[in-house]
Amino acid sequence: MLHFGLILFIIIFFGYNLKRITILQIVVIIQIKDLVKIYRKGEIEISAVDHLSFSVKKGTFLSIVGRSGSGKSTLLNLVGGLDTPTSGSIVFDGKDISGLSRSELAFHRRYRVGMIFQSFNLIYSRNALDNVILAMIFSGISKKDRKERAIRLLKQVGLGDRIFHRPDELSGGETQRVAIARALANDPEVILADEPTGNLDSLTAAEIMDLLIELNQKLGKTVLMITHEQQMAQKISHRVIRLLDGKVVDDIMTDKINEIE
Ligand SMILES: Nc1ncnc2c1ncn2[C@@H]1O[C@H](COP(=O)(O)OP(=O)(O)OP(=O)(O)O)[C@@H](O)[C@H]1O
Ligand SMILES: [Mg+2]
């Protein structure tokens, strides 16, 4: 009888904690701990990211603001696996990516995150359809399905009638839409956007923002976006982090945060 009670206690105790751990893993998608990135240029050392620690809950629309040179792109590139930290860790969906090999980082970049840049970073000699298809080339999806999915994504971002246009035959806003479709190609959990509206006029910028908000609200994607538009960031985001000299100097939850609690 005593044994039975003990076994029951162990099952309940570990069961409860296991559930807690699982819930924590589900809720937190990115956990940054004591992250440091130092660039060395000759004699000079620049702490682009300086002992940063914060976590991001799944489904968050997080805006990162801060003046030029404050470390925003460095931080996003570290999360996206484009660069490796000097020290500290980034736990992404339960897995530490700070010590990954080159090929593991390539996998992370390709399948776990979708990156959108101010300068679009598309292949200019290929049309919109090819740019999106190429992102899926090693994904194991059949050729036919890759094409179908690319067309569906381009339609989703409002470019159904521009799929055979090359980037130089598209407007800035349309080009950024192609980049967004490409970022979604492998259905990543997290979208990383580095000033995605920086090169666009205000009306087109608003359209691209609406698209990113839709990805967050309708598809539940976690979005980390760098922007210089602080008022807009405050209005649309769940959370706004301000960097200065590689450190967090402000971390504000807006009233929209309740939507994801
Ligand atoms: N590859 C590099 N080598 C040396 N220093 C670098 C490198 N990349 C960035 N830095 C330096 O690190 C600091 C942070 O740069 P980062 O690009 O992250 O700033 P940022 O906040 O994105 O600025 P901006 O708003 O102008 O894009 C800057 O001082 C920059 O000069
Ligand atoms: Mg930058």
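**Residues around ligand 1**

In the counts that follow, Ala, Val, Leu, Ile, Met, Phe, Trp, Tyr, Cys and Pro are taken as nonpolar, Asp, Glu, Lys and Arg as charged, and the others, Gly among them, as polar. The structure described here is a predicted model, and by these classes the shell around its ligand 1 has 3 nonpolar, 7 polar and 2 charged residues. The residues that make up this shell are Tyr39, Lys41, Ile46, Ala48, Gly66, Ser68, Gly69, Ser70, Gly71, Lys72, Ser73 and Thr74.

Three elements, namely β1 (28–41), β2 (44–57) and α2 (72–79), each supply at least two residues of this shell. Of the contributors, α2 gives the most to the shell around ligand 1, with 3 residues.

**The sheet and its hairpin**

As general background, the strands of a sheet pair through backbone hydrogen bonds, and they may do so in a parallel or an antiparallel way. In this model there is an open sheet of 4 strands, in which the order is β2-β1-β4-β5 and the pairing is antiparallel. The edge strands of this sheet are β2 and β5 (95–96), each of which pairs on one side only.

Within the sheet, β1 and β2 form a hairpin with 2 residues between them, and Gly42, which sits in the turn, has a positive phi of about 60 degrees. The antiparallel pairing of β1 and β2 extends over 11 bridges. Looking at particular positions along this pair, the bridge partner of Leu35 is Leu52 in β2, while Lys37 stands opposite Val49 in β2.

**A helix across the sheet**

The helix α2, which supplies 3 residues to the shell around ligand 1, also lies across strands β1, β2 and β4 (87–92), and α2 runs at about 60 degrees to β2.

**The pair α6 and α7**

Two packed helices are described by the angle between their axes together with the distance between the axes. For helix α6 (residues 172–184) and helix α7 (residues 202–217), the axes come within 9 Å and cross at roughly 15 degrees. Because angles under 35 degrees count as roughly parallel, α6 is therefore described as roughly parallel to α7. The crossing of these two helices, α6 and α7, is right-handed.

On the α6 side, the contact is made by Gly172, Gly173, Gln176 and Ile180, and on the α7 side by Thr204, Glu207, Ile208 and Leu211. Sorted by class, the contact of α6 with α7 has 3 nonpolar, 4 polar and 1 charged residues.

Methods. Residues are numbered from 1 along each chain as its sequence is written. Chains are lettered from A and ligands numbered from 1 in the order in which they are written. This is a predicted model: local features need pLDDT of at least 70, side-chain atom pairs count only at pLDDT 80 or more; totals for chains, interfaces and linings use all residues. A residue is near a molecule or strand if its C-beta atom, placed from the backbone, lies within 6 Å of it. Two strands pair if DSSP finds at least two bridges between them. Two residues are in contact if their C-beta atoms, placed from the backbone, lie within 7 Å. Axes are lines fitted to C-alpha atoms, for helices over the stretch in contact, and angles run from 0 to 180 degrees between N-to-C directions. Angles under 35 degrees count as roughly parallel, over 145 as roughly antiparallel, 65 to 115 as roughly perpendicular and the rest as oblique. A crossing is left-handed if the near helix is turned anticlockwise from the far one by less than a right angle, and right-handed if clockwise.
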